[in-house]
Amino acid sequence: MPVAASAIYFLNLRGDVLINRLYRDDVGGNMVDAFRMHIMQTKELGTCPVRQIGGCSFFYMRISNVYIVIVVSSNANVACAFKFVVEAVSMFKSYFGGAFDEDAIRNNFVLIYELLDEIMDFGYPQNLSPEILKLYITQEGVRSPFSSKASDKPIPNATLQVTGAVGWRREGLVYKKNEVFLDIVESVNLLMSSKGSVLRCDVTGKILMKCFLSGMPDLKLGLNDKIGLEKESQMKSRPAKSGKTIELDDVTFHQCVNLTRFNSEKTVSFVPPDGEFELMKYRITEGVNLPFRVLPTIKELGRTRMEVNVKVKSVFGAKMFALGVVVKIPVPKQTAKTSFQVTSGRAKYNAAIDCLVWKIRKFPGQTEPTLSAEVELISTMAEKKSWTKPPIQMEFQAGSYEIRC
């Protein structure tokens, strides 16, 4: 497995080293000078987050007023390196009370050095969970939320939490009322032609959970439809199955999910962490049922006027509804005045984003609200450039679920 880092540096905006840690001896301690000279001083920080200089690769990311730079001299896992940086910053914020900047680093040198020794070993990331690290890494002035109650007894099974099978949840949790909150957030990316045909469509979604459960519960998430992760060639070689099947192109689970049971039974079984976490992420490209159809008609009347007519049709059931629907209709930058007529909701012109923003608080199924707008443009003497007509954006919320035990 390729390493994730040979060295890590924390720099301020001037290029001064705030703190650094060498994990392997294949890079020199002065490699940050090459980064400062060839990247920071040439103002090429925003071009590409991965650069190669003198046989070494530099991966860098800016968080607040701090640059985090990872240096490797051999083949490296770039995705793992950036994931390590994101998780490490989240862990530092947990220790620093939500702040991560130059002042926070200067005030916590000793703590940061100890954490850097724990979260990576010889270039390979280790446990970055703040809940687990706080069980056995404590410094003066930093208190773990688990130690808020006065108690002289040490936290039991700290070693088991780090090396055991359930390292993301500590034992002994007790709640007066067991509660589970679940949210499904999906983003539909759609490209449609002017004639209404779908050119490209995919859905990216994630399942967010918030658990307040006593003990060590074993939860199962059941879905109405079956989940298929088989390739198209494998599906063609097998007989057709009855019932609906959701074909997931990509799926990523939290470490708490039992992958063996998911592969055999196609059920999501897990021992949840305490509090908020992301259970899974997925992407779908086939069999996407669009909840809305947007039918725009835009007419340019000379150089100073434009008519915009947009009809949004909800194609889901009449008993269902969407909440917080926002339709953003782009207009030219030289827009001077607008007037609206809407059959539902309200609309206004937002000059900051050059869009007509149409908001509908509650959108029932099988309805077709419309927006009609007249747009007056500023007349200019310069040669008129053709307007590119950017795509219309739409946001909405379908709903959430709450389970109380």
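## Briefing: a surface patch, two sets of paired strands and two residues in their surroundings

A nonpolar surface patch of about 270 Å² is formed by Phe109, Val110 and Tyr113. Like everything described here, this patch belongs to a predicted model. The points below begin with the patch, move on to an open sheet of 5 strands, then turn to the strands that pair with E22, and end with the loop residue Asp274.

**The nonpolar patch**

- Val110, one of the residues that make the patch, lies in helix H4, which covers residues 109-119.
- Val110 counts as exposed because its relative accessibility is 58%, and the cut-off for that word is over 50%.

**The open sheet and its helix**

- The order of the 5 strands in this open sheet is E2-E1-E5-E4-E3, and their pairing is antiparallel.
- Strand E2 (17-22) and strand E3 (50-53) stand at the edges with a single partner strand each, so one side of each has no neighbour in the sheet.
- From one strand to the next, the twist averages 20°.
- Within the sheet, strand E4 (residues 56-63) pairs with strand E5 (residues 66-72) in the antiparallel sense over 7 bridges, and Ser57 has Val72 in E5 as its bridge partner.
- Helix H2 (residues 78-96) packs on the sheet, where it touches strands E1 (7-12), E3, E4 and E5, and its direction makes about 35° with that of E4.

**Ile63 in strand E4**

- Ile63 belongs to strand E4, and because its relative accessibility is 17% it counts as buried, a word kept for values under 20%.
- When its neighbours within four places in sequence are left aside, Ile63 is in contact with Ile68, Val89 and Phe100.
- Ile63 and Val89 are 26 residues apart along the chain, while their C-alpha atoms are separated by 8.2 Å.

**Strand E22 and its partners**

- In a regular strand, side chains alternate between the two faces of the sheet.
- Strand E22 (residues 370-377) shows such an alternation, with Leu371, Ala373, Val375 and Leu377 pointing to one face and buried, whereas Thr370, Ser372, Glu374 and Glu376 point to the other face and are not buried.
- Strand E17 (residues 305-314) pairs with E22 in the antiparallel sense over 7 bridges, and Asn309 stands opposite Ser372 in E22.
- Strand E19 (residues 335-342) also runs antiparallel to E22 and is joined to it by 7 bridges, with Leu371 in E22 as the bridge partner of Val342.

**The hairpin of E16 and E17**

- Strand E16 (residues 292-301) and E17 run antiparallel and are joined by 10 bridges, and Leu301 stands opposite Arg305 in E17.
- The hairpin of these two strands has 3 residues between them, and in this hairpin Gly302 takes a positive phi near 75°.

**Asp274 in a loop**

- Asp274 is located in the loop between strand E14 (268-270) and strand E15 (275-284).
- With a relative accessible area of 29%, Asp274 is partly exposed, because that value falls between the cut-offs of under 20% for buried and over 50% for exposed.
- Not counting residues up to four places away in sequence, Asp274 touches Arg169, Leu173, Tyr175, Cys211 and Phe212.
- Asp274 and Lys210 are 64 residues apart in sequence, yet they are 7.6 Å apart in space from C-alpha to C-alpha.

Technical notes. Residues numbered from 1 in each chain as written. Predicted model: local features only at pLDDT ≥ 70, side-chain atom pairs only at ≥ 80, totals over all residues. Heavy atoms only, no water. Pairing = 2+ DSSP bridges. Helix = DSSP H or I, 4+ residues; strand = E, 2+ residues; numbered from the N terminus. Axes fitted to C-alpha atoms, helices over the stretch in contact; angles between N-to-C directions. Contact = heavy atoms within 4.5 Å. Patch = residues over 30% accessible without salt bridge, like charges linked within 9 Å, V, L, I, M, F, W, Y side chains within 5 Å. Areas by Shrake-Rupley, 256 points an atom, 1.4 Å probe, with all protein chains shown as cover. Salt bridge = Lys/Arg side-chain N within 4 Å of Asp/Glu carboxyl O. Buried < 20%, exposed > 50% of the residue type's maximum accessible area, 1.4 Å probe, protein only.
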